[in-house]
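Colleague: I am new to this structure and would be grateful for a close look at a single part of it. Please begin with one polar contact and work outwards from there.

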Amino acid sequence: MRLLFCGDVMGRSGREALTQHLPALKRDLGLDFIAANGENAAGGYGLTTELAKELYAAGVDVITTGNHVWDQRQAIGQIMADPKILRPANFPQGTPGKGAGVYPARGGKKVLVVNVMGRLFMDAIDCPFQAVDRELKLHRLGGTVDAIFVDIHAEATSEKMSVGHFCDGRASMVVGSHSHVPTADAQLLPGGTGYQTDAGMCGDYDSVIGMQKGPAMLRFIRKMPGEKLTTAEGPGTLCAVL
């Protein structure tokens, strides 16, 4: 089975890169299933129903998220109504939505997608290791499902790597998101799981992680709160892990 994970879709540039390139990639690479992290699709802050439809139309099968999942006012109703949008599985009990799901792939196969969020330098939420372990115990790779993909949305590379090794041999593919910077460590772990610390972003790379350079730099130079950061609007690049 050929799985593709598109990194964080960042604003209009990211959406345009995805819609421009994904249909051809799906055809040329013979992709069976496509996931994308869509939590920054709406100008860098969350996801809307219309933008989710745009990603689906381009070929995305399921949308993962992270710390920006609730940024749009409509997010709670949207995530409860659309089973193809996931929020991190380690959000506290009672949080709307779900963090994992089994989805159909080409050829009648089934894919389990698990979305978890890190805790190091992030929000104080439940343990991502317990959350992913709980989901992996419900489904057996090669048994109840044909493939398992885990999106670990986290700041720290050490935490992402730890999740990768924790899932080794139990998941087909573990890839990190959130950093918006693609890492050069694509590898097969000893147990056979494909791993990369971060898929990067789909967006304008002439930027500061997808945001306009000037205001982003001033936050570091002056150490003062400034104007709200807005997404860079130049030509976008699609970054993904196959």
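Modeller: In this predicted model, a polar atom of the Asp198 side chain lies 2.7 Å from the backbone nitrogen of Gly200. Asp198 belongs to the loop that runs between strand E10 (194-196) and strand E11 (201-202). Although it sits in a loop, Asp198 counts as buried, because its relative accessibility is 0% and the cut-off for a buried residue is under 20%. Leaving aside residues up to four places away in sequence, Asp198 touches Gly176, Ser177, His178, Ser179, His180, Val181, Pro182 and Thr183, as well as Lys160.

Lys160 leads on to helix H5, which spans residues 157-167. Within H5, the residues Glu159, Lys160, Val163, Gly164 and Cys167 are buried. These residues lie on the same side of H5, because the arc they cover around the axis is only 145°. The general background is that an α-helix has 3.6 residues a turn, so residues three or four places apart point the same way. The cover over the buried residues of H5 includes helix H4 (128-138) and the strands E7 (147-153), E8 (173-177) and E10. Strand E10 also borders the loop that holds Asp198. Just after H5, Gly169 takes a positive phi of about 85°.

A surface region offers a contrast to this setting. Trp70, Ile76 and Met80 form a nonpolar patch there, with about 310 Å² of accessible area together. Ile76, located in helix H3 (residues 75-81), is partly exposed, with a relative accessible area of 45%, whereas Asp198 is buried.

Key: Residues numbered from 1 in each chain as written. Predicted model: local features only at pLDDT ≥ 70, side-chain atom pairs only at ≥ 80, totals over all residues. Heavy atoms only, no water. Patch = residues over 30% accessible without salt bridge, like charges linked within 9 Å, V, L, I, M, F, W, Y side chains within 5 Å. Areas by Shrake-Rupley, 256 points an atom, 1.4 Å probe, with all protein chains shown as cover. Salt bridge = Lys/Arg side-chain N within 4 Å of Asp/Glu carboxyl O. Helix = DSSP H or I, 4+ residues; strand = E, 2+ residues; numbered from the N terminus. Buried < 20%, exposed > 50% of the residue type's maximum accessible area, 1.4 Å probe, protein only. Polar contact = N/O pair within 3.5 Å; in protein donor to acceptor, adjacent residues only side chain to side chain. Contact = heavy atoms within 4.5 Å. Arc of directions from axis to C-beta.
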